[in-house]
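Work through the exercises below with the structure open beside you. Try each task before reading its solution.

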Amino acid sequence: MSKHLETVEQLIETWKSLDVEGVLALLTDDVEYHYAVGERPLIGKDWVRRFLEKFGQGQSEIRWRIVNHATNGDRLLVEGVDDYVNKHGVHIRTPYMGIFEFRDGKICGWRDYVDLGLVNQAHAGKEFPEWVNELCARG
């Protein structure tokens, strides 16, 4: 397992307990985080902290996982499933891809490629087409 993959696996395990400070410890002070590419990036730990505190509020049963990954120098590409129960008790399970960039062993860039339409459908409790469910069932 690559050092970068180990760092992201640690980030995932830390997030499962909603340890925002533990996640932030894995990021550079000037991190640039795109929660969803196309949305305005969050710059710096303070902005990321505010986002994570709001995003994680009330989450439970977090089963975020990586299905596939590839490394290119100081970049790690991951494909996975974001899987949790939101504060309203709705099970959210959506496929995503992400890119993590590293500097001095910490994450300095983080871009998630996720279909916000699917995320919104999931929050509304709507069923996904079978092919989306198949993507989410992998790994």
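The exercises that follow go from the whole chain to single residues of this predicted model.

**Exercise 1. The overall layout**

Task: Find how many helices and strands the protein has, and in what order its elements run.

Solution:
- Start with the count. The secondary structure comes to five helices and six strands.
- Now read from the N terminus. The elements run α-α-β-β-α-β-β-β-β-α-α.

**Exercise 2. Overall size**

Task: Decide what the radius of gyration says about the fold of the 139 residues.

Solution:
- Take the expected value. A compact globule with 139 residues would have a radius of gyration near 14 Å.
- Compare. The protein has 15 Å, which agrees with a compact globule.
- Add the box. Along the principal axes, the C-alpha atoms fill roughly 40 × 30 × 25 Å.
- Look at burial. Buried residues make up 44% of the 139 residues.
- Turn to the surface. About 7,600 Å² is exposed, and carbon and sulfur atoms supply 49% of that area.
- Finish with contacts. Among those with a separation of 6 or more, 52% link residues 24 or more positions apart.

**Exercise 3. The first helix**

Task: Check the span of α1, then list its buried residues.

Solution:
- α1 has 14 residues. At 1.5 Å a residue, 20 Å is expected.
- The helix reaches 20 Å from its first C-alpha to its last, close to that expectation.
- The buried residues in α1 are H4, L5, T7, V8, L11, I12, T14 and W15.
- Move just past the helix. There L18 takes a positive phi of about 55°.

**Exercise 4. The two sides of α3**

Task: Work out which residues of α3 are buried and which are exposed on the face turned away from them.

Solution:
- First check the helix itself. α3 covers residues 45–56, and its twelve residues should span 16 Å at 1.5 Å a residue.
- Its end C-alpha atoms are 16 Å apart, which agrees.
- Next, find the buried residues. They are K45, V48, L52 and G56.
- Look down the axis of α3. The buried residues fall within an arc of 60°, so they line one face of the helix.
- Ask what this buried set meets. It packs against α1 (3–16), α2 (20–24), β1 (27–34) and β2 (42–43).
- Turn to the face away from the buried side. It carries the exposed residues R50 and K54.
- Step just beyond α3. G58 takes a positive phi of about 80° there.

**Exercise 5. The sheet and its edges**

Task: Give the strand order of the sheet and say which strands stand at the edges.

Solution:
- The six strands form an open sheet. Their order is β2-β1-β6-β5-β4-β3, with mixed pairing.
- Go to the ends of that order. β2 and β3 (65–72) stand at the edges, each with a single partner strand, so one side of each is left without a neighbour in the sheet.
- Recall how pairing works. Strands of a sheet pair through backbone hydrogen bonds, either parallel or antiparallel.

**Exercise 6. Two hairpins around β4**

Task: Follow β4 to each of its neighbours and count the bridges.

Solution:
- Begin with β3. Seven bridges join β3 to β4 (residues 75–85), and the two run antiparallel.
- Pick out partners in β4. I66 has G80 as its bridge partner, and N72 has R75.
- Check the turn. The hairpin of β3 and β4 has two residues between the strands, and G73 takes a positive phi near 60° in that hairpin.
- Cross to the other neighbour. Eleven bridges join β4 to β5 (residues 91–103), again antiparallel.
- One partner pair here is D83 with R93 in β5.
- This hairpin has five residues between the strands, and in it G89 takes a positive phi near 85°.
- Last, look at cover. β4 is mostly covered, with nine of its eleven residues buried.

**Exercise 7. Two residues**

Task: Is T94 buried or exposed? Then describe the setting of Q121.

Solution:
- T94 lies in strand β5.
- Its relative accessible area is 2%. Buried means under 20%, so T94 is buried.
- Beyond four places in sequence, T94 is in contact with residues including G80, V81, L118 and F128.
- Q121 is found in helix α4 (residues 116–123).
- Q121 has a relative accessible area of 27%, so Q121 is partly exposed.
- Leaving out residues up to four places away, Q121 touches K126, E127 and F128.
- Now take G109, twelve residues from Q121 along the chain. The C-alpha atoms of Q121 and G109 are separated by 28 Å.

Terms used: Residues numbered from 1 in each chain as written. Predicted model: local features only at pLDDT ≥ 70, side-chain atom pairs only at ≥ 80, totals over all residues. Heavy atoms only, no water. Helix = DSSP H or I, 4+ residues; strand = E, 2+ residues; numbered from the N terminus. Expected span 1.5 Å × (residues − 1). Buried < 20%, exposed > 50% of the residue type's maximum accessible area, 1.4 Å probe, protein only. Arc of directions from axis to C-beta. Contact = heavy atoms within 4.5 Å. Rg over C-alpha atoms; globule rule 2.2 N^0.38 Å. Areas by Shrake-Rupley, 256 points an atom, 1.4 Å probe, with all protein chains shown as cover. Pairing = 2+ DSSP bridges.
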